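Open the structure in your viewer and follow along stop by stop. Each stop gives a selection and then what is there.

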Amino acid sequence: MADTPAVCLIGPRQCGKSTLARTFADRVYLTLDDDNLLHLAKMDPAGFVASLPSRVVLDEIQRAPDLLRSLKLVIDRDRRPGRFLLTGSANLLLVPQLSDSLAGRMELVQLHPLTEAEKARRPGGFLKAMLGGEFSAELAVQEDPPAYLKALVARVISGGFPEPLRRDETRARQWHRHYLRSLLERDVQDVARVKDVVGLGRTLEMLALRNAELLNLSSLGNDLDLRRETVEHYLSVLERLFLVRRLPAWLRNDASRLVKTPKVHVVDSGLAATLAGLTAGDWLMRRDRFGHLLESFVVQQLVAQAGWTDPELRFWHYRDKDQVEVDLVITRGKKTWGVDVKAAATVTSADGHGLRRLADQCGRDFQGGVLLYAGPHALPLGDRRMLAVPLDYLWSK
């Protein structure tokens, strides 16, 4: 806001955008969730923008996309920084009619659901420490392993939306279902034409059941009794609403043995758990599904930490035709790091197989790797560049 005429704070509904925007007391707050304001904005976009105060918060801009074209003209006449603070519950870069209006005039800042570090009032320095190679092997005392595991499961099941964190597990699940219903009924038509919102909701539920798996549009379509093209359209809508994330496959130009299919993650682990019917009591009986949920949980933590650590980082997954995988690959230019996730409380050198395969593919570009697991100690994995570290490092560092 110090050097840009307009800043748009984007992120999913109910992640705290409006609350954050309202902290700027020096500007008038207007929301397009107000039907009267929305009607005026749609009827006369140019007149609406012309009547705005000199410093304004305009909430839920995606509800009246034509306003961005009018803002473009106003900004081109007066490029003073910090005039407009906008919020949007859709990824404007993925909405075709909006993206062309933004280039060079507006900074997009993404707000995620709360990370575990934020919930713990900690700096969130795990990603920075990992990139800097600051971790080392160390033994720790875990006074109550069952309590540690119970707390970890509770974090994964809770997710990061602020409101359900105030509730018990049953009430939080009710909040997630109401949240999704409201989103489908209100916000979908702002970002795409969807005739069957019930089908869109079913698609998200199916993705929650296949969380952190390779994307197979044909199989999804068969299970949902939908055309492949329809499933692709629904997936893009869910991405625009920040509900799912497509994690592309990491490839080297000469790596013909690598699988090129992306993985799909439901962004918030709490919402994913609700849609997949997973509760804290299912940790032992449905370990495979919890393993996938934990993987998505870790991906979201690190993507969010990148926002304040290094926005230039890019995220991928690794899988080759031998079924060797690394859950998350992080790159900055050619420099590459790997992150694997394991739900168990013990590790062996064999658990570093994926990271070693990734290191072989990268050569000199490989900077290091970590295996996040449910134990208390930081342990070597047979390579000085690789370490197994406790999952609680994500919020304790």
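Select Thr331 first, in this predicted model. Thr331 is buried, with a relative accessibility of 6%. The residue belongs to strand 10, which runs over residues 325-332. Now show side chains. That of Thr331 makes a polar contact with the side chain of Trp316, at 2.9 Å. Which residues are in contact with Thr331, once neighbours within four places in sequence are left aside? Select Trp250, Glu312, Leu313, Arg314, Trp316 and Thr336.

**The largest nonpolar core**

Next, select Phe126, Met130, Leu302 and Ile330. Of the 79 residues in the largest nonpolar core, these four touch the most other members. Colour helix 15, residues 287-309: this helix gives the most to the core, with 9 residues. Apart from this core lies another, of 25 residues. To find that second core, pick Ala41, Leu52, Leu58 and Phe242, which are among its members. As background, nonpolar side chains in soluble globular proteins tend to be buried together.

**Around Phe126**

Go back to Phe126 and zoom in. Phe126 is buried, at 0% relative accessibility. Set aside residues up to four places away in sequence, and Phe126 touches Phe135, Leu302, Gln305, Val370, Leu372, Val389, Tyr393, Leu394 and Lys397. Two of these names, Phe135 and Tyr393, come back at the next stop.

**The aromatic cluster**

The count of aromatic pairs comes to 6. Start with Phe126 and Phe135. Their rings form a tilted pair, 5.2 Å centre to centre, with 35 degrees between the planes. Is Phe135 buried or exposed? Phe135 is buried, with a relative accessible area of 19%, and the cut-off is under 20%.

Now add Tyr393. Phe135 and Tyr393 also form a tilted pair, with centres 5.4 Å apart and planes at 50 degrees. Why does this pair tie together parts that are 258 residues apart in sequence? Because Phe135 lies in the loop between helix 7 (126-131) and helix 8 (145-158), whereas Tyr393 lies in helix 17 (residues 393-396). Tyr393 is buried too, at 7% relative accessibility. Show the three rings at once: Phe126, Phe135 and Tyr393 form one aromatic cluster.

**Charges over rings**

Keep Tyr393 on screen and select Lys397. The charged end of Lys397 sits over the ring of Tyr393, 4.4 Å from its centre. Then move to Arg22 and Tyr29. Here the charged end of Arg22 sits over the Tyr29 ring, 3.7 Å from the ring centre.

**The cysteines**

Select Cys8 and Cys15. How many disulfides does a search of the whole structure find? The search finds 0. Draw a distance between the two sulfurs. The closest cysteine sulfur to that of Cys8 is in Cys15, at 12 Å, which is too far for a bond. The reverse also holds: for Cys15, the closest cysteine sulfur is in Cys8, at 12 Å. A disulfide needs the two sulfur atoms within 2.5 Å, so this pair does not qualify. Cys8 is buried, at 0% relative accessibility. Cys15 is buried as well, at 5%.

**Two positive phi angles**

Most residues other than glycine have a negative phi. Two stops here have a positive one. Select Gln14: its phi is near 70 degrees. Gln14 is found in the loop between strand 1 (6-10) and helix 1 (17-21). Its relative accessible area is 45%, so Gln14 counts as partly exposed.

Then select Asp225, where phi is near 60 degrees. Look for Asp225 in the loop between helix 12 (217-224) and helix 13 (228-240). Asp225 is exposed, with a relative accessible area of 70%.

**Last stop: Arg83**

Finish at Arg83. This residue is in the loop between helix 4 (66-77) and strand 4 (84-88). Is Arg83 buried or exposed? At 11% relative accessibility, Arg83 counts as buried. Select Val57 as well. Arg83 and Val57 are 26 residues apart along the chain, and their C-alpha atoms are separated by 8.8 Å. To see what surrounds Arg83, show its contacts beyond four places in sequence: Pro5, Arg27, Ser54, Arg55, Val56, Val74 and Asp78.

Notes:
Residues are numbered from 1 along each chain as its sequence is written. This is a predicted model: local features need pLDDT of at least 70, side-chain atom pairs count only at pLDDT 80 or more; totals for chains, interfaces and linings use all residues. Side-chain values use heavy atoms; hydrogens and water are left out. A nonpolar core is a set of buried Ala, Val, Leu, Ile, Met, Phe, Trp, Tyr and Cys residues joined through side-chain atoms within 4.5 Å. Buried means under 20% relative accessible area, exposed over 50%, partly exposed in between (1.4 Å probe, protein chains only). Helices (H or I, at least four residues) and strands (E, at least two) are DSSP runs, numbered from the N terminus. Contact means heavy atoms within 4.5 Å. Rings of Phe, Tyr and Trp (its six-membered ring) pair if their centres lie within 6.5 Å; planes under 30 degrees apart count as stacked, over 60 as edge-to-face and the rest as tilted. A charge sits over a ring if NZ of Lys or CZ of Arg is within 6 Å of the ring centre and within 35 degrees of the ring normal. A polar contact is a pair of N or O atoms within 3.5 Å; within protein, one must be able to donate a hydrogen and the other to accept it, and residues adjacent in sequence count only if both atoms are side-chain atoms.
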